[in-house]
Amino acid sequence: MSCNTSNTGSGSRTPRRTFEFGRTHVVRPKGNHQATIVWLHGLGDKGSSWSQLLETLPLPNIKWICPTAPSRPVALFGGFPCTAWFDMGDISEDAPDDMEGLDASAAHVANLLSTEPADIKLGVGGFSMGAATALYSATCRVLGQYGNGNPYPVNLSAIVGLSGWLPCSRTLRNRMEASNEAARRAASLPTLLCHGLGDDVVAYGHGEKSAQVLSSAGFRNLMFRTYNGLGHYTIPEETDDVCTWLTASLGLEGSRSY
């Protein structure tokens with residue numbers, strides 16, 4: 001297994017964790033390469049699970065990069081290790097955010113995108129914890145920096161989150177209001193959130209609240225899609241909506257209005 005490491009500290013004297021990321025799977029575009037999207041799996045999963053699905057989507061102009069998260073102890077499972085983009089306990093506004101883990105995963109995503117050609121549009125998407133990491137990457141992009149203050153290096157053109165939630169939601173609006181540039185970036189970043197009403201893992205309310213927080217913070221180009229009866233998984237109706245939205249938002253060949 002090929003592993004990459006990411007180490008993003010804040011410059012403090014406390015020891016910084018080094019994270020070893022697992023294998024990255026790449027789905028090459030079948031047509032003219034116009035966009036590259038890093039797609040992030042959920043807790044305990046791996047990149048290959050989603051690369052197989054993404055390869056079947058009718059999006060020939062997109063290159064998909066599907067990394068695998070590091071294996072780490074997860075508080076939600078009593079410290080049992082599994083693949084996770086960051087450590088987490090219960091999903092709630094009051095739960096502490098693993099800033100070091102979030103920054104390391106967001107930096108890994110940015111590193112994967114940083115070598116793409118200059119004329120290629122870049123995006124981040126994911127499912128569940130992967131969606132949370134994608135949304136955190138979106139906030140890093142609009143604020144221009146990671147949580148530790150290091151500059152965020154890539155320009156994102158699309159964010160997709162399925163069955164996820166927004167980390168660091170308590171402080172986002174205040175941080176956004178301190179920067180006119182952040183407000184401008186947020187208003188112009190296309191963002192799609194999808195959530196099932198029957199989700200019994202990441203409750204629908206978490207997705208709905210995340211959309212509300214992002215909207216109130218200035219993410220004006222945001223769409224929130226609801227699916228009756230959908231649990232914590234994806235269905236063809238949802239992936240069809242993602243395909244249509246990405247085609248229009250990224251201006252891909254054969255685009256049609258959403």
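Which residue forms a salt bridge with Asp 98, and how far apart are the closest N and O atoms? Select Asp 98 and Arg 72: these two form the salt bridge, with 3.9 Å between the closest N and O atoms. Keep in mind during the tour that this is a predicted model.

**Stop 1: Asp 98 and Arg 72**

Arg 72 lies in strand 6 and Asp 98 in the loop between strand 7 and helix 2, so the pair ties together parts that are 26 residues apart in sequence. Colour both by accessibility. Arg 72 is buried, with a relative accessible area of 5%. Asp 98 also counts as buried, because its relative accessibility of 13% is under the 20% cut-off. Now show what surrounds Asp 98. Leaving out residues up to four places away in sequence, Asp 98 touches Arg 17, Arg 72, Phe 86 and Asp 87.

**Stop 2: confidence**

Colour the chain by pLDDT. The mean for the protein chain is 91, and 92% of its residues reach 70 or more. Then select residues 1-15, where the pLDDT is below 50. Beyond near neighbours in sequence, this stretch has 35 contacts in the model. Where pLDDT is low, the predicted coordinates should not be read in detail.

**Stop 3: Lys 63 and Glu 116**

Seven salt bridges are counted in the model. Another one to select is the pair Lys 63 and Glu 116, whose side chains meet at 2.9 Å, N to O. Lys 63 belongs to strand 5 and Glu 116 to the loop between helix 2 and strand 8, so this salt bridge ties together parts that are 53 residues apart in sequence. Are these two residues buried or exposed? Both Lys 63 and Glu 116 are buried.

**Stop 4: helix 5**

Move to residues 180-187, which make up helix 5. Select Glu 181 and Arg 184 there. They form a salt bridge, and the closest N and O atoms are 2.4 Å apart. The two residues are three places apart in the helix, about one turn. An α-helix has 3.6 residues a turn, so residues three or four places apart point the same way. Add Arg 185 to the selection: Glu 181, Arg 184 and Arg 185 are linked in a network of salt bridges. Glu 181 is partly exposed, with a relative accessible area of 34%.

**Stop 5: a patch on the surface**

Switch to a surface view and select Leu 76, Phe 77 and Phe 80. These residues form a nonpolar patch on the surface, and together they have about 310 Å² of accessible area. Leu 76 is in the loop between strand 6 (71-74) and strand 7 (80-83). With 36% relative accessibility, Leu 76 counts as partly exposed.

**Stop 6: His 25**

Return to sticks and find His 25 in strand 3, residues 25-27. His 25 is buried, with a relative accessible area of 18%. What does His 25 contact, leaving aside its neighbours within four places in sequence? The contacts are Gly 47, Ser 48, Ser 51, Trp 64, Ile 65 and Cys 66. For a distance across the model, pick the C-alpha atoms of His 25 and Asp 240: they are separated by 22 Å, and the residues are 215 places apart along the chain.

**Stop 7: helix 7**

Select residues 236-249, the 14 residues of helix 7. At 1.5 Å a residue, helix 7 should span 20 Å, and its end C-alpha atoms are 20 Å apart, which agrees. Among the buried residues of this helix are Val 242, Cys 243, Trp 245 and Leu 246. The cover over the buried residues of helix 7 includes strand 4 (35-40), helix 1 (47-54) and strand 9 (158-162). Continue past the end of the helix to Gly 251, which has a positive phi near 65°.

**Stop 8: two serines**

Most residues other than glycine have a negative phi, and most peptide bonds are trans. Select Ser 128, where phi is positive, near 60°. Ser 128 lies in the loop between strand 8 (121-127) and helix 3 (129-143), and this residue is buried, with a relative accessible area of 8%. Finish at Ser 163, which also has a positive phi, about 55°. Ser 163 sits in the loop between strand 9 and helix 4 (169-177). Its relative accessible area is 0%, so Ser 163 is buried.

Notes. Residues are numbered from 1 along each chain as its sequence is written. This is a predicted model: local features need pLDDT of at least 70, side-chain atom pairs count only at pLDDT 80 or more; totals for chains, interfaces and linings use all residues. Side-chain values use heavy atoms; hydrogens and water are left out. pLDDT is the predictor's confidence in each residue, from 0 to 100. Contact means heavy atoms within 4.5 Å. Patches are made of residues with over 30% relative accessible area and no salt bridge: like charges are joined within 9 Å, nonpolar side chains (Val, Leu, Ile, Met, Phe, Trp, Tyr) within 5 Å. Accessible areas come from the Shrake-Rupley method with a 1.4 Å probe; for residues, only the protein chains shown count as cover. A salt bridge is a side-chain nitrogen of Lys or Arg within 4 Å of a carboxyl oxygen of Asp or Glu. Helices (H or I, at least four residues) and strands (E, at least two) are DSSP runs, numbered from the N terminus. Buried means under 20% relative accessible area, exposed over 50%, partly exposed in between (1.4 Å probe, protein chains only). The expected span of a helix is 1.5 Å times one less than its number of residues.
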